[in-house]
Every structure is written in structure tokens, then in C-alpha cells.
Amino acid sequence: MKGLLDTAELDRRRIVELLESADEMRAMRTAGHQKSEVLKGRVVATLFFEDSTRTRLSFETAARRLSAEVLSFSATTSSVNKGESLRDTVETLQAIGADGWVVRHKSSGVPAAIARWSNVPVVNAGDGWHQHPTQALLDAFTITREFGTPDSLEGVRVAIVGDVRHSRVARSNVDVLSKLGAEVVLVGPRTLLPVEGGGWGARTTDDLDGVLEDTDVLYLLRVQRERMTAPRLPDRSEYCERFALTPERAKRLKSGSLLLHPGPMNRGTEVQVDPSVITQSRILDQVSNGVAVRMAVLADVLGAPERNIGSAAGGSAA
Ligand code: CP
């Protein structure tokens, strides 16, 4: 069953195809076509067992722009609160008639479990520390629009900074960006870095100032306290002093470089400047690009072959 659970499923060719498809989706909207009919008659169920603003809304927007119906499930307002199990919840929504699932859960592996139980494609919208594949794709899309070519980030230096250890975004980005040829360095206090890269295939350092001026893409992460099983930050002010984007560091950002953050941002912690006045910031572009990228992913995993991306241009104008 075609779905998207892990960036490990994506080879470079499929990444490039998805980014090209996202570009077509974005161009379609720019040209005034509000909707395509790629998923007309399909039902996309969004199952969110963990809070989300960007991912949920952009998947639901993406599904509607492809003319799918959306079944929107939120654990906080569901019968999960009355003791219903995950499996019973999935079987209930399947009985209502979902053609595909978009799943977020605080535990790693839940989207994969749902994929085993169901007979429709599952897209992972973030599971625990594990993976957030569409975030990595939208980040790659955002970067490739400014650097390199759509199929290559050879020579582009990306520094992912902060709580890397607990970050599904960092894990997914290292994989996707490295496959496109970028040089990724992971930056943070040693307690928040994977041990020696943890087999992630990226260099690690605890010296942000040592890499800042050579960095083409500065990617800041939130400190994910909700995922910490033990205290790993002895002193918040020391963390901010060494790893936050301060006004002084913002002045040292390379001209033409990019500032990214997956959101939600913790202003006053990892971000100590107003990103809206930093010319390098593409943080809101990431959000906009997320819709186009998720349209591409949904069309890829749920679209009938004869209703491929190319037919998206036949969408309806506003
Ligand atoms: N980047 C991201 O996953 O944001 P949300 O948690 O708001 O979906």
C-alpha cells in the first residue's frame, strides 16, 4: 500500500518528483486555479492524537484543494477520552469510509501500526521523536527554491540547531537534505545531540558561533520539553547564550542565507529577534510551501494513476 511513513522510503528520484509536483501545485494556484480534481470523490481522514497548528491545517487545506472530502479527527474532542482504543478509533473511521489517513501521534511507530491495520495509504504527520516526512519535504522545497537546482543541494551548508536529539524534524531533514547533496551539521549542547550523530550521517558540534558565518541555511529547533524523559538542560540562560538566534548573531548571518524554523517558535528562547525583520527569514514561506508539498504527497499516494499531477492544471479557476 503506497503511503509515506518514513523518509527512508524516499530515494533521491522520488524526492525530486515530489518537489517538482509541489512546484506544479504552487504554480497552479498562482495561475488562479483554486482547485484541482485529482482527489475528487476521495475521503482523507486526518487523525491527530497530538496538538498541531501548521501540519493539520495544511494537510486539510491541501486535501480540499485537490477536491477530497476531509474527515477531521481530533483526539482531544473524541471518544478516546471515554476509553476508546486506537485500533477501535481507526476501525470506526474506516467504517465511515476513509480512503487514506494522515496520522500524528506522540508515540513513534503509531502511523506504521495503523498502516498494518488498515487497507488504505497512511501518511505520517509526525510521530514522537521518529519522523516528520512532509516537514522535511517542505523544507527541502523551500531551500531548493533559493539554492542549487530542484534536484540538487550539492555544496549547500545547513546547520540544524537546538534540541536535535528529540526532533523528528531534524531526523527527517538530515535524511532528505543529505540525499539531495546538502552538507548538514547538527548543532546543540551535547546532551541534546544524538550520540556521535547516532548513525544519522551528519557532523555534530556544540559551537554555533564556529559555524554560523559559513552557514547557508540556519534551521532553528524548539526545545521539546514534552519529549524529554530526563532533565537535559541544566541552565536555560546558558542554552540561550550559546544556541539562540540573538540580535548579535542575526547580524552575522551570511547575506543570501536562509533562516528556517518548523514552528511552533518559542520567542525569547531559541529566537530572540523578531524574524519578520530578518531578511533571511523564510519561516512563513515554509508554512505556505507546506500546502503545495502536502498536495503533491496526497496526490501521489491517493490519486488514481490516470488522474495524475499533470491533470491538476485542469482545475477550476477562482
Ligand atoms: N511544524 C509542525 O509540525 O508544526 P505543528 O506542530 O503546528 O503541526
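1. Let's start with Leu218: this residue is buried, with a relative accessible area of 2%. The threshold for that label is under 20%, so Leu218 at 2% qualifies. Bear in mind that we're looking at a predicted model. Leu218 belongs to strand S9, which covers residues 217-220. If you want a long-range distance to check in your viewer, take Leu218 and Ser288: they are 70 residues apart along the chain, and their C-alpha atoms are separated by 19 Å.

2. On to the ligand. Which residues surround it? The shell consists of Ser52, Thr53, Arg54, Thr55, Arg104, His132, Gln135, Pro262 and Gly263. By class, that shell splits into 6 polar residues, 2 charged and 1 nonpolar. The counting puts Gly with the polar residues and Pro with the nonpolar ones, so Gly263 goes into the polar group and Pro262 is the nonpolar member. Arg counts as charged, so the charged pair is Arg54 and Arg104.

3. Now the polar contacts to the ligand. The side chain of Thr55 has an N or O atom 2.6 Å from an oxygen atom of the ligand. The His132 side chain also brings an N or O atom up to a ligand oxygen, here at 2.9 Å. With Gly263 the backbone does the work: one of its N or O atoms sits 3.3 Å from a nitrogen atom of the ligand. How much of the ligand does the protein cover? On its own the ligand has 260 Å² of accessible area, and the protein covers 93% of that. As for the site, the space taken by the ligand is the largest pocket.

4. Stay with Gly263 for a moment, since its backbone contacts the ligand. The peptide bond running from Gly263 to Pro264 is cis, and its omega is near -10°. Pro264 itself is in a loop, the one between strand S10 (258-260) and helix H10 (283-302). I'd look at that bond alongside the ligand shell, where both Pro262 and Gly263 appear.

5. That S10–H10 loop also holds Ile278. Is Ile278 buried or exposed? Its relative accessible area is 13%, and because the buried class ends at 20%, Ile278 is buried. Ile278 and Leu258 are 20 residues apart in sequence, and C-alpha to C-alpha they are 9.6 Å apart in space.

6. Helix H2 spans residues 54-65, and Glu60 is part of it. With a relative accessibility of 7%, Glu60 counts as buried. What does its side chain pair with? The partner is the side chain of Thr46, through a polar contact of 2.6 Å.

7. Next comes a backbone oddity at Ser67. Its phi is positive, about 70°, although Ser67 is not a glycine. You'll find Ser67 in the loop between H2 and strand S3 (69-74). Its relative accessible area is 18%, and because anything under 20% is classed as buried, Ser67 makes the cut.

8. Last, Asp51, from the loop between strand S2 (43-48) and H2. Where the buried residues above fall under 20%, exposed takes over 50%; Asp51 has 64% relative accessibility and so counts as exposed. Asp51 and Gly109 are 58 residues apart along the chain, with 17 Å between their C-alpha atoms.

Key: Residues are numbered from 1 along each chain as its sequence is written. This is a predicted model: local features need pLDDT of at least 70, side-chain atom pairs count only at pLDDT 80 or more; totals for chains, interfaces and linings use all residues. Side-chain values use heavy atoms; hydrogens and water are left out. A residue is near a molecule or strand if one of its heavy atoms lies within 4 Å of it. A polar contact is a pair of N or O atoms within 3.5 Å; within protein, one must be able to donate a hydrogen and the other to accept it, and residues adjacent in sequence count only if both atoms are side-chain atoms. Accessible areas come from the Shrake-Rupley method with a 1.4 Å probe; for residues, only the protein chains shown count as cover. On a 1 Å grid over the protein atoms alone, a cavity is a set of points where a 1.4 Å probe fits but cannot get out, and a pocket is an open set with protein on both sides within 12 Å along at least five of seven lines; lining residues have an atom within 4 Å of a point. A molecule sits in a cavity or pocket if more than half of its atoms lie within 2 Å of its grid points. Helices (H or I, at least four residues) and strands (E, at least two) are DSSP runs, numbered from the N terminus. Buried means under 20% relative accessible area, exposed over 50%, partly exposed in between (1.4 Å probe, protein chains only).
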